[in-house]
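These are my notebook entries from a session with one protein model, kept in the order in which I looked things up.

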Amino acid sequence: MRYTIAALTASVAPIALVPSLAQDYSHVPAVEVTQGILLEDRATPVEEPPVRIGNFETANTLPTGTFVLNIGTVQTDPTEGNGTGNQMYHGGIYYSPRNNLTYGLDYQTYEDPPVNPINGNYPAIGVDTVAGFVKYRYLDNGRLSGAVQGSVEFFRFDSNLFPGDGDGEIVGSVKAPFSYSFSPQLQVHLTPGVSVFPDELGGNDFYGIVPYVGAGVSYQATQRLAFYASVDMPFGSGGNTITDTAAIDNVPVWTAGTRWAVTPKAALDLYLTNGVGITPATSILTHWPDGDEPLFGVRLTYTPGAEYRPTYRGPIAPLTERQANLQKNGFTLLSADVIEPGSFLAGAWGGTDENYGGVLRFSPDRDGEIVAVIEQYADDGTADPALVPSDGARYMLGLKLRFLDQNNGDPLSLSMTGLFGRQIDGDTPGVGAAYVDASASYKFNDTLTVTASPKLGAFGDVEIYGLGLGVNYELFDGLELIAEATPVGGDGEDTTWAAGMRYTVPGSSLSVDLNASNAIGRYGIGTLIAQDSTRYSLGISTQFNLR
């Protein structure tokens, strides 16, 4: 590894290292030494006390020069209500030009009927919020810190509960959080605030001005694992909850969860909450009606920057051609491996029964990928139409996280992928589908790899689950024989299978594959739906390293 010393105007020669640290990191980005502290020993933003607990603001701020990107969703119990429950999706980007100042932009969207009735009906509710905020920390004495945050937000609430033109309103919030550190691991937080919404919407009472005070606690159990909980109590003449009679009331907003740093740059939050808002102003709003429905939240936070160490695994072993080839997905199963950081993989395929598609995969970090897919599912007329979410091409967007890497010392490779999307056009453009996959692979040697992949696909009231099993055998350099089978259950009943070969030109990432399958698709829920006839497909892919 190359170590440099940060200076205002220049860099100096590499410093001598003690033998225990003198390892070969020549194939990973340089690691900086700042004020004599190796970055292996310095906490990254995802390892430090939380700036935000779910939807609860603390007085903590980000380090100087930090960019933060996050995306996530909150979801009601999919077994309750219509379809697969209610989902609210959100994303944000934050930047701190210095330690005590953060600028941020948040976006969230919701489009669903409620899980429980309001006035005896299930009215469609659409909510979109775009929020800009500034957070300034004015106090930090090592134990106690204080900050103030203000936001201005565009807020659209579209429902026949509050008839109107649906053009949206300007809302906002002010918060004044305090955080006290009992130890470097344990903090408590007190956050008074006020959110300002219209008093009326469509001639009916709306949220109005909502003052509140919140309390929270966060505990950094290890470098990678943290726990947190918070509660906000609104008061005053306004309210934060739409009741089952469409009245406005005050209900506490609670959150409890955990954060796991997948890598020093990326962390995964898993939490429970009754809140439906993520932006500063909407963070006080509960899910409708009554705010008594718990939601499960997932958020991925990523902090780009070469100054952060890339992995917890220490020195990264050089990648062999065989290992690089196994980073490509199968025909109906996803690879448990992740493409190399900075890499961009593009693939396309087409075949009989009008099946075609393309995939783009980008890896910003050593153990994560951003995935985009467009696919037209095969249709020979024999697949159960009740199980097929599309009669036209669909887009799918998702994330992949790797938790174990056999190439670098773990007993096997393990990753999880989530894909979510809708039909682009056709008769039912509003049908969304969700797909979750956990892929585990074991490399017996340089030629034989086996994969097991539990997976679940769902849309509307349809739920199909399966256990994918696959074998990849390299017959000779670059030529892989691949066989896969997925017994399915739930609303599906017919096992899907695929078999074929892939050839990767030695010394390059260009590959061509030919396969046969009875699955109607190569990605997502289509890999769990069988048709009676065999579908034949030809595919091609290549990979670029943007670094």
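Charges. I began with the distribution of charge in this predicted model, and found that the mean positions of the 29 positive and 60 negative charges of the protein lie 12 Å apart.

Surface and burial. I then looked up the accessible surface, which comes to about 22,600 Å², with 62% of that area belonging to carbon and sulfur atoms. Of the 547 residues in the protein, 52% are buried.

Overall build. I noted 1 helix and 35 strands in the protein, and along the principal axes the C-alpha trace spans about 70 × 70 × 35 Å. I compared the radius of gyration, 25 Å, with the value near 24 Å that a compact globule of 547 residues would have, and the two agree. Looking at contacts between residues at least 6 apart in sequence, I found that 58% join residues at least 24 apart.

Strand E22. Which strands pair with E22? I found that strand E6, residues 66-76, pairs with E22 in the antiparallel sense over 8 bridges, and that strand E21, residues 266-273, also runs antiparallel to E22 and is joined to it by 8 bridges. For single positions I wrote down that Gly72 stands opposite Arg299 in E22, and that Leu270 has Val298 in E22 as its bridge partner. E22 itself covers residues 295-302 and is mostly covered, since 6 of its 8 residues are buried.

The loop before E22. Between E21 and E22 there is a loop that holds Pro289, and I checked the peptide bond joining Trp288 and Pro289, which is cis with an omega of about -5°. I kept in mind here that most peptide bonds are trans and that most residues other than glycine have a negative phi.

Positive phi. With that in mind I looked up two residues with the opposite sign of phi, Ala246 and Asp353. Ala246, which is not a glycine, has a phi of about 70° and lies in the loop between strand E18 (241-242) and strand E19 (248-249). Asp353, likewise not a glycine, has a phi of about 60°, and its place is in the loop between strand E23 (343-351) and strand E24 (356-365).

Are these two residues buried or partly exposed? Buried means under 20% relative accessible area, so Ala246, at 21%, counts as partly exposed, and Asp353, at 23% relative accessibility, is partly exposed as well.

Methods
Residues are numbered from 1 along each chain as its sequence is written. This is a predicted model: local features need pLDDT of at least 70, side-chain atom pairs count only at pLDDT 80 or more; totals for chains, interfaces and linings use all residues. Side-chain values use heavy atoms; hydrogens and water are left out. Helices (H or I, at least four residues) and strands (E, at least two) are DSSP runs, numbered from the N terminus. The radius of gyration is taken over C-alpha atoms; the globule rule is 2.2 Å times the number of residues to the power 0.38. Buried means under 20% relative accessible area, exposed over 50%, partly exposed in between (1.4 Å probe, protein chains only). Contact means heavy atoms within 4.5 Å. Accessible areas come from the Shrake-Rupley method with a 1.4 Å probe; for residues, only the protein chains shown count as cover. Lys and Arg count as positive and Asp and Glu as negative; His and the chain ends are not counted. The place of a charge is taken as NZ of Lys, CZ of Arg, CG of Asp or CD of Glu. Two strands pair if DSSP finds at least two bridges between them.
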